[in-house]
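The following report describes selected helices, strands and a chain contact region. The sequence and the structure are shown first.

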Amino acid sequence: MNFLTKAVILTAGLALAACTNPNRFDNTGGNALNGAGSNAAGSVSDPTSVAYFQQAVGDRVLFAVDQSTISPDYIQVLNGQATWLTTNADYVAVIEGHADEQGTREYNLALGARRANAVREYLISRGVAENRLKVVSYGKERPIEVCSDEACYTKNRRAVTVLSSGLTG
Amino acid sequence: MMRHLATLLLCLTLFGLPAFAQNGPLRIEITEGVIEPLPYAVPNFVPESGAAGEYGANIARVIADDLTGTGLFREVPASAYISQISDFAAPVQYADWKAINAQALVTGAVNVSGNTLTVKFRVYDVFSGAELGSGLQLAGTVDGWRRIAHKVADTVYSRITGEGGYFDSRVVFVSETGPKDDRKKRLAIMDYDGANVQYLTGSEAIVLAPRFSPNGDRVLYTSYETGFPRIYVLDVGNVQRRVLQQQDGTMSFAPRFAPNGQTVVYSLTQGGNTDIYTLDIASGSGARLTDAPSIETAPSYSPDGSQIVFESDRSGSQQLYVMPASGGEARRISFGQGRYGTPVWSPRGDLVAFTKQNNGRFHIGVMRLDGSEERLLTASFLDEGPTWAPNGRVLMFTRETQGAGGRASLYSVDISGRNLKPVRTPEGASDPSWSPLQN
């Protein structure tokens with residue numbers, strides 16, 4: 001009974017995730033810089049577009065439970081981000097750190113900040129200028145997946161590099 | 001906003017002779033053991049003017065909800081009454097109340113004149129056949145009738161338990177709407193029982209964790225309105241707010257007032273590292289209290305302002321620590337299994353309430369300041385963020401349900417773990433902060 005209930009919830013969560021994911025990747029994060037200065041995503045076939053950065057380069061890094069060290073799996077993504085940012089020098093970025101819902105609010109804010117900062121430090125080490133990279137943490141306030149299982153938690157424990165035009169930055 | 005607080009002039013007038021200093025059988029000792037709720041009756045207060053109309057009944061209902069809501073009292077229903085109270089001044093027929101086993105009896109009368117509502121009341125120890133304490137008179141605005149009822153209930157509660165009351169208090173919290181992946185949050189304030197909800201901010205930006213000032217006149221909270229978490233202070237009376245701390249490239253959150261109402265302790269994150277700082281509201285001067293590569297957050301002052309309890313993962317996992325209010329060496333106080341966060345010092349100074357995570361469950365718990373006598377009061381998928389009732393006997397906290405339809409709401413529980421119950425709010429709700437007793 002318990003197992004069945006859980007399985008149903010999990011399936012529902014995945015179905016929902018499948019529906020919402022494409023939308024998620026079409027915007028620029030929708031949080032910190034969606035006002036003045038943000039660019040339309042453009043076409044993924046244009047390597048200078050935000051869409052290309054989000055989808056071809058990869059705009060996010062996922063983390064293990066309660067960890068903020070960058071897994072070797074994501075070094076390639078971050079190297080790609082660094083290269084892209086170096087090439088497209090009129091963009092700035094806010095790196096948004098997030099946590100899953102298993103944690104207290106304040107701690108998760110601090111944990112998300114650690115994650116975002118780990119990405120920022122890595123990008124700086126790869127040659128991106130410090131003054132182009134800001135960090136913010138949303139803790140557990142902005143999940144993209146809504147189920148209460150590891151399938152969702154793994155996607156919520158993330159740091160997302162959100163671009164905006166740097167003309168005013 | 002706060003209209004009734006501003007205009008409610010409460011005058012407490014003694015109009016009866018002091019009762020004998022008797023401590024007869026009518027006494028609830030609030031202890032850890034299981035207690036049998038004390039039966040009491042609160043007949044509708046007698047309307048002594050035409051305009052008092054329904055207030056007599058409404059006030060009695062609020063008093064009954066307060067008392068019964070503690071879990072310490074049980075109301076004897078009006079249908080069981082043998083005698084009625086139709087004249088506040090007439091002698092009480094103790095035998096009639098004894099016969100229905102009402103050990104305590106609260107009687108009152110209401111007068112409405114213009115915009116002023118006056119309540120007189122008396123508390124009787126039925127089995128001793130004597131008044132408990134003396135009669136009191138309270139006056140306020142008609143709109144503030146619920147506050148007057150809460151004050152009556154606080155008096156009854158205090159006389160019978162010997163403890164301070166907590167009914168004439170408010171709660172500031174985060175009101176939540178929308179699905180989990182598009183949640184809208186705004187600050188709201190209400191009476192402790194969920195009545196008189198008012199919204200203090202819009203929901204354009206995320207707002208988190210409001211905290212009352214020691215006298216309830218201001219609220220600290222965290223908002224993302226600039227795109228980055230910053231601490232704001234909001235005047236409850238006129239709903240004006242201003243940012244307290246904004247240093248580019250940092251985040252600030254988890255603020256709480258010191259008992260002096262002037263100093264704020266909070267967390268500041270810089271370069272991915274979170275430490276604890278203080279800020280003087282008037283002068284803007286600040287100090288750094290911790291300096292470690294670990295996460296230091298969720299600070300809370302002792303009632304005398306001399307110490308701060310906070311959480312840190314310096315040992316490798318979230319644990320509770322106490323340090324002097326000026327910073328310096330901290331001692332760890334939590335040693336049980338699992339992780340401990342969101343410590344809050346009790347207003348009596350004797351306990352710390354906290355959130356504990358263990359084996360995939362969340363608990364609200366209390367422990368002494370030396371870490372002894374840890375007691376977990378709740379267990380669920382996600383309980384967090386306790387706040388103390390003004391008398392240090394009850395905690396309110398956030399409970400969030402599991403899964404895609406997960407929703408946050410407020411619950412309260414007393415510090416013995418009894419009387420767990422939801423607090424009524426119009427929408428989802430989180431991050432409660434309980435005010436002191438109002439004046």
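What span should the 15 residues of helix 2 (residues 55-69) of chain B have at 1.5 Å a residue, and how far apart are its end C-alpha atoms? The expected span is 21 Å and the end C-alpha atoms of this helix are 20 Å apart, so the two values agree. The model considered here is predicted.

**Two helices**

Helix 3 (residues 75-87) of chain A can be treated in the like manner: its 13 residues should span 18 Å at 1.5 Å a residue, and its end C-alpha atoms are 18 Å apart, which agrees. The table sets out the values for both helices.

| Helix | Residues | Expected span | Distance between end C-alpha atoms |
|---|---|---|---|
| Helix 3 of chain A | 13 residues (75-87) | 18 Å | 18 Å |
| Helix 2 of chain B | 15 residues (55-69) | 21 Å | 20 Å |

In helix 2 of chain B, the buried residues are B:Tyr55, B:Gly56, B:Ile59, B:Ala60, B:Val62, B:Ile63, B:Ala64, B:Asp66 and B:Leu67. These buried residues pack against strand 2 (38-41), strand 3 (46-47), strand 4 (73-75), strand 5 (104-113), strand 6 (116-125) and helix 4 (145-161) of chain B. Just after the helix, B:Gly71 adopts a positive phi of about 80°.

In helix 3 of chain A, A:Leu78, A:Gln81, A:Trp84 and A:Leu85 are buried. Viewed down the helix axis, these buried residues fall within an arc of 120°, so they line one face of the helix. An α-helix has 3.6 residues a turn, so residues three or four places apart point the same way. Turned away from the buried side of helix 3 of chain A is a face that carries the exposed residues A:Gln76 and A:Thr87. The cover over its buried residues includes helix 2 (50-58), strand 1 (60-62), strand 2 (91-98), helix 4 (105-125) and strand 4 (158-165) of chain A.

**Strands of chain B**

Chain B contains an open sheet of four strands in the order 16-17-18-19, with antiparallel pairing. Strand 16 and strand 19 (286-288) of chain B are its edge strands, each pairing on one side only. On average, and with direction ignored, neighbouring strands of this sheet are turned by 30° against each other. Strand 18 (residues 273-280) and strand 19 of chain B run antiparallel and are joined by three bridges; B:Tyr277 has B:Arg288 of strand 19 as its bridge partner.

Strand 30 (residues 408-414) of chain B has five of its seven residues buried, so this strand is largely enclosed by the rest of the structure. Seven bridges join it, antiparallel, to strand 29 (residues 394-400) of chain B, where B:Glu400 stands opposite B:Ala408 of strand 30. Three bridges link strand 30 to strand 31 (residues 421-423) of chain B, again with the strands antiparallel, and B:Leu410 stands opposite B:Val423 of strand 31. The hairpin of strands 30 and 31 of chain B has six residues between the strands, and in it B:Gly417 takes a positive phi near 90°.

**Contact between the chains**

Contact between the chains involves 33 residues of chain B and 27 residues of chain A. On the side of chain B that touches chain A, the elements giving two or more residues are strand 12 (207-212), strand 16 (250-257), strand 17 (263-270), strand 20 (296-301), strand 24 (339-345) and strand 28 (383-388) of chain B. Strand 16 of chain B gives the most, with three residues. By class, this side of chain B has 13 nonpolar, 16 polar and four charged residues.

Terms used: Residues are numbered from 1 along each chain as its sequence is written. Chains are lettered from A and ligands numbered from 1 in the order in which they are written. This is a predicted model: local features need pLDDT of at least 70, side-chain atom pairs count only at pLDDT 80 or more; totals for chains, interfaces and linings use all residues. Two residues are in contact if their C-beta atoms, placed from the backbone, lie within 7 Å. Ala, Val, Leu, Ile, Met, Phe, Trp, Tyr, Cys and Pro count as nonpolar, Asp, Glu, Lys and Arg as charged, and the others, Gly among them, as polar. The expected span of a helix is 1.5 Å times one less than its number of residues. A residue is buried if 20 or more other C-beta atoms lie within 10 Å of its own, exposed if 12 or fewer, and partly exposed in between; C-beta atoms are placed from the backbone. The arc is that of the directions from the helix axis to the C-beta atoms. Two strands pair if DSSP finds at least two bridges between them. Axes are lines fitted to C-alpha atoms, for helices over the stretch in contact, and angles run from 0 to 180 degrees between N-to-C directions.
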